[in-house]
Structure formats: C-alpha cells, structure tokens
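Reader: I should like to learn how to read the features of a protein model in a systematic way. May we take them one at a time, with the general idea stated before the case?

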Amino acid sequence: MLNFYCMNTDLLKAHILQTIDIDEKQTEDFCRLFIPGKVSKKEMILKEGEVSGFEAFVTKGLFKIYHTDQDAVEHILYFAMDGWWLADIDSFTHQHPSLLNMEAIEQSDILMIRKEEKEYAYTHIPGIEKLFRVMTQRSHVALQRRMIENLSVHSDQRYLNFINKYPLLAQRLTNVHIAAYLGISHEFVSRIRHKVVRK
C-alpha cells in the first residue's frame, strides 16, 4: 500500500530549473500540485489493465516499467531512478487500460501529479507546458535512438553502451533486469559482465 509523507520537492525544483527557464513562483506553484508517497520494494504502483491516474517524479529509489508477454516474459521498456520521471503516457493521456506494469526495485520516494492537476498547471502556470514539451521531445529522441540501436547493434555492444551511458543505474540492477531491458538472455549478460571485469 502506498504511504504518504511530508513532501520534499528540492530535487523536482532542480530538475525543472535545469530543463526550462522559469521563475520561482511558477516552480513553487507547480510543485504544490504533487502528492508525495513512499513505495515499498517490489510494490506495484500500476498494473497492466488499470487506468493510470498519475505521472510521478522519483526523488529516491528505482523502478522498472515493463510489459509481460503471453509467455509471461518481462520486457522492460525503461527504468526510473532518482531525478527521473515514470509514466504510462498512453494510459494517462487517453485514460485507456495500461499495457504496462510499474514496480519498485528499491524502496522509493515519489511525487505524483494527477491528470486534473496537470491540466490545471497547463492552464494556469505558463512555463509548465514548455517543461513537458521539452521532456516529451527528449523521450522521443531517446526512444528513437534505442530502436535504431536494437536493430543495428550487436548484443554485447548494446550492453557496453548501456553501462557506459548509465553507470550508476547499471550498478543498481541485476543481470536479469539488464537482460530484460536489452532483450537478451541474462546468461549472456552475465558472460559479458565477467569479460568486462576481467579486462
């Protein structure tokens, strides 16, 4: 069960200011729209088939966002750690049942914003629409690059690219997590990791 606690928005404020040029009052007004929560390790905050009523900013911890296929195999779309967002944009925007699961890999703290509050921010806080536009553009670029890499780069190089791009994240993940993200077997990831360590 999600537990609520006293809200600390320092990391969220820093993220906003690093992303767009916005004044302090708008930042404060936006941050007040969030609801804080604590999430236990292995707790699901969204399950496939549910309609997502929130987007969230991770202030501490780590999540995996994944889809389970008909053979019960997990395919991780992305991870969300400290300072990153997690959301099912399709379900949140269109209020469709989600195809995704969101599960805490570590005990985590999040700040959640509901659809109503986000729409309020778009209308009443001028800089916020630009914030999400910039974030959406960055997400699309990252997704496009990942798709191209999956189509054109060998598995071992994809692993090396991942740990070089996200070294702190990689240290917090198991071979199984990384394999489910890269679309390869965890035995293969284990072999590559041993090669890297020996070097």
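Reader: Which are the buried residues of helix α6 (residues 155-165)?

Author: The model is a predicted one. A residue counts as buried when its relative accessible area is under 20%. In helix α6, the residues that meet this criterion are Arg158, Tyr159, Phe162 and Ile163. These residues cover an arc of only 130 degrees around the axis, so they lie on the same side of α6.

Reader: Why do residues three or four places apart point the same way in an α-helix?

Author: The reason is that an α-helix has 3.6 residues a turn. On the face of α6 turned away from its buried side, one finds the exposed residues Asn164 and Lys165.

Reader: Which residues are buried in helix α1 (residues 10-19)?

Author: Leu12, Lys13, His15, Ile16 and Thr19 are buried there. Their arc around the axis is only 160 degrees, which places them on the same side of α1. Asp10 and Gln18, on the other side of α1, are exposed.

Reader: What covers the buried residues of α1?

Author: The cover includes two helices, α2 (24-31) and α5 (126-152), together with the strands β3 (54-60), β6 (85-86) and β8 (108-114).

Reader: Let us turn to single residues. Is His177 buried or exposed?

Author: His177 has a relative accessible area of 14%, so it is buried. This residue is found in helix α8, which spans residues 175-182. Leaving aside residues up to four places away in sequence, His177 touches Lys64, Ile76, Phe79 and Ile105.

Reader: What is the relative accessibility of Lys115, and how is Lys115 classed?

Author: The class between buried and exposed runs from 20% to 50%. With a relative accessibility of 21%, Lys115 therefore counts as partly exposed. Its place is in helix α4 (residues 115-124). Beyond residues up to four places away in sequence, Lys115 touches Gly53, Phe92, Thr93 and Gln95.

Reader: How should one read separation along the chain against separation in space?

Author: The two quantities are best stated side by side. Lys115 and Val176 are 61 residues apart along the chain, and their C-alpha atoms are separated by 33 Å. For Ile35 and Thr9, the sequence separation is 26 residues, and the distance from C-alpha to C-alpha is 10 Å. Ile35 lies in strand β1 (residues 35-39) and is partly exposed, with a relative accessible area of 32%.

Reader: How many helices and strands does the protein have?

Author: The protein has nine helices and eight strands. Its radius of gyration is 18 Å, close to the 16 Å that the globule rule gives for 199 residues, so the protein is as compact as a globular protein of that length. Along the principal axes, the C-alpha atoms fill a box of roughly 55 × 35 × 30 Å.

Reader: Which totals describe the contacts, the burial and the surface?

Author: Among contacts with a separation of 6 or more, 70% are accounted for by residues 24 or more positions apart. Buried residues make up 43% of the 199 residues. The protein exposes about 11,600 Å², of which carbon and sulfur atoms supply 55%.

Reader: How many positive and negative side chains are there, and how far apart do the centres of the two sets lie?

Author: There are 25 positive and 26 negative side chains, and the centres of the two sets lie 7 Å apart.

How values were computed:
Residues numbered from 1 in each chain as written. Predicted model: local features only at pLDDT ≥ 70, side-chain atom pairs only at ≥ 80, totals over all residues. Heavy atoms only, no water. Helix = DSSP H or I, 4+ residues; strand = E, 2+ residues; numbered from the N terminus. Rg over C-alpha atoms; globule rule 2.2 N^0.38 Å. Buried < 20%, exposed > 50% of the residue type's maximum accessible area, 1.4 Å probe, protein only. Contact = heavy atoms within 4.5 Å. Areas by Shrake-Rupley, 256 points an atom, 1.4 Å probe, with all protein chains shown as cover. Lys, Arg positive; Asp, Glu negative; His and termini not counted. Charge placed at Lys NZ, Arg CZ, Asp CG, Glu CD. Arc of directions from axis to C-beta.
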